[in-house]
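Welcome! Please take a moment with the sequence and the 3D view, and then we will walk through them together.

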Amino acid sequence: MEIDQVFIIGFIAVVASVSAYFQLLKPSGAIAAFLTGVFIWAGFGIKGLILLGVFFLTSSLLSKYKSHRKQQLSELHQKGAARDWAQVAANGGTAALAGIGNFLLPDPIWTIVLASSLASANGDTWASELGVLSKVQPLSVKSFKRVPTGTSGAISAVGTAAAAVGSLLIALTAASLFPLGPGWTGIIFLLGVVGTMIDTFLGAYLQAEFACVTCNRLTEKTIHCSLPTRHVSGIVKLDNDAVNFLSCFTAALAGIVLYIIF
Ligand SMILES: [Zn+2]
């Protein structure tokens, strides 16, 4: 290995470790983030790492933004602020696969996979992290009723705008790093927004929802009030991470189809 390669792998390890130290990542999340970084670097070099870095940095900062207020909402959510391996794989897994793909079989199509999956991941993360701060309760896309803030499958104006800006940031950064052209930059932006919408609809219709047997509250958690919860609706194994992965993966898949057509 060349000395600069050792330096970059060391740099990725340091970023992952520091993120764990500051509780942006759990230890399992730090390992997954390290592997994601290495795979993306192997396939796309420093440019790939910069794009991943924009997603990781802005999402992490937004997670920390008004974290006290978000903690009050954590009753509803399966997991806390520090991301574990499943959350990292959900958001970065498709991008990591693109890295492996471009390393083994270099082709511009992998850049589309990388950028569209990260646009979707960024749009969704921005929507979640900023949408929950909305003063207005979000609207469920299933019942069209106002539901408690932070509910999966519900949208707010703030969250929707955040998704669009988050996706646009990735599309524009990708365009500045890779020879995408205006057409593909626009498509990646739209794929990011579509991925976020897929996330919302899967969250509303297919994601597992549970109810606490003690306090009767609806939750994504499998344990509440120290007891296993009761399955209410959705596919049991389809949790928020699986939904996130599927939406990023679908956005990338749509990008592949468009790339083949055009
Ligand atoms: Zn409970």
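Is C212 buried or exposed, and what about H224? Both C212 and H224 are buried, where buried means under 20% relative accessible area, exposed over 50%, and partly exposed in between (1.4 Å probe, protein chains only).

Before going on, a word on the model: it is predicted, so local features need pLDDT of at least 70 and side-chain atom pairs count only at pLDDT 80 or more, while totals for chains, interfaces and linings use all residues. Residues are numbered from 1 along each chain as its sequence is written, and side-chain values use heavy atoms, with hydrogens and water left out.

**The zinc site**

C212 and H224 both help to hold the zinc ion, which is coordinated by C212 (SG), C215 (SG), H224 (ND1) and C225 (SG) at 2.0 to 2.3 Å. Donors here are N, O and S atoms within 2.8 Å of the metal (3.2 Å for Na, K and Ca); water is not among the atoms, so sites may look incomplete. The site of the zinc ion is tetrahedral, with angles of 104 to 116° among its 4 donor atoms; four donors earn that word if all angles lie between 85 and 135 degrees. Along the sequence, the donor residues follow the spacing C-x2-C-x8-H-C. C212 sits in the loop between β3 (209–211) and β4 (218–219) and H224 in strand β5 (residues 223–224), so this pair ties together parts that are 12 residues apart in sequence. Helices (H or I, at least four residues) and strands (E, at least two) are DSSP runs, numbered from the N terminus.

**A small sheet**

Strands β3 and β4 also belong to an open sheet of 3 strands, in the order β4-β3-β7, with antiparallel pairing. β4 and β7 (230–233) stand at the edges with a single partner strand each, so one side of each has no neighbour in the sheet. Two strands pair if DSSP finds at least two bridges between them, and β3 and β4 are joined over 2 bridges. In this pairing, A211 stands opposite L218 in β4.

**The nonpolar core**

The largest nonpolar core has 25 residues, and L51, L114, L118, I170, F178, L180 and I188 have the most contacts inside it. Such a core is a set of buried Ala, Val, Leu, Ile, Met, Phe, Trp, Tyr and Cys residues joined through side-chain atoms within 4.5 Å. Helices α2 (27–64), α4 (85–104), α5 (109–131), α6 (157–177), α7 (181–205) and α8 (240–261) each supply at least two of its residues. The largest share, 7 residues, comes from α5. Leaving aside neighbours within four places in sequence, I170 is in contact (heavy atoms within 4.5 Å) with residues including L51, V54, F55 and L118.

**Aromatic pairs**

The whole structure holds 5 aromatic pairs. Rings of Phe, Tyr and Trp (its six-membered ring) pair if their centres lie within 6.5 Å; planes under 30 degrees apart count as stacked, over 60 as edge-to-face and the rest as tilted. Here are two of the pairs.

| Pair | Type | Centre to centre | Between planes |
|---|---|---|---|
| F44 and F178 | edge-to-face | 6.1 Å | 75° |
| F201 and Y205 | stacked | 6.4 Å | 0° |

F44 in helix α2 and F178 in the loop between α6 and α7 are 134 residues apart. F44 is buried at 9% relative accessibility, and F178 is buried at 10%. F201 and Y205 both lie in helix α7, 4 residues apart, about one turn of the helix. F201 is partly exposed at 41% relative accessibility, and Y205 is partly exposed at 44%.

Notes
Four donors count as tetrahedral if all angles lie between 85 and 135 degrees; four count as square planar and six as octahedral if opposite donors are over 155 degrees apart and all others between 65 and 115; anything else is irregular.
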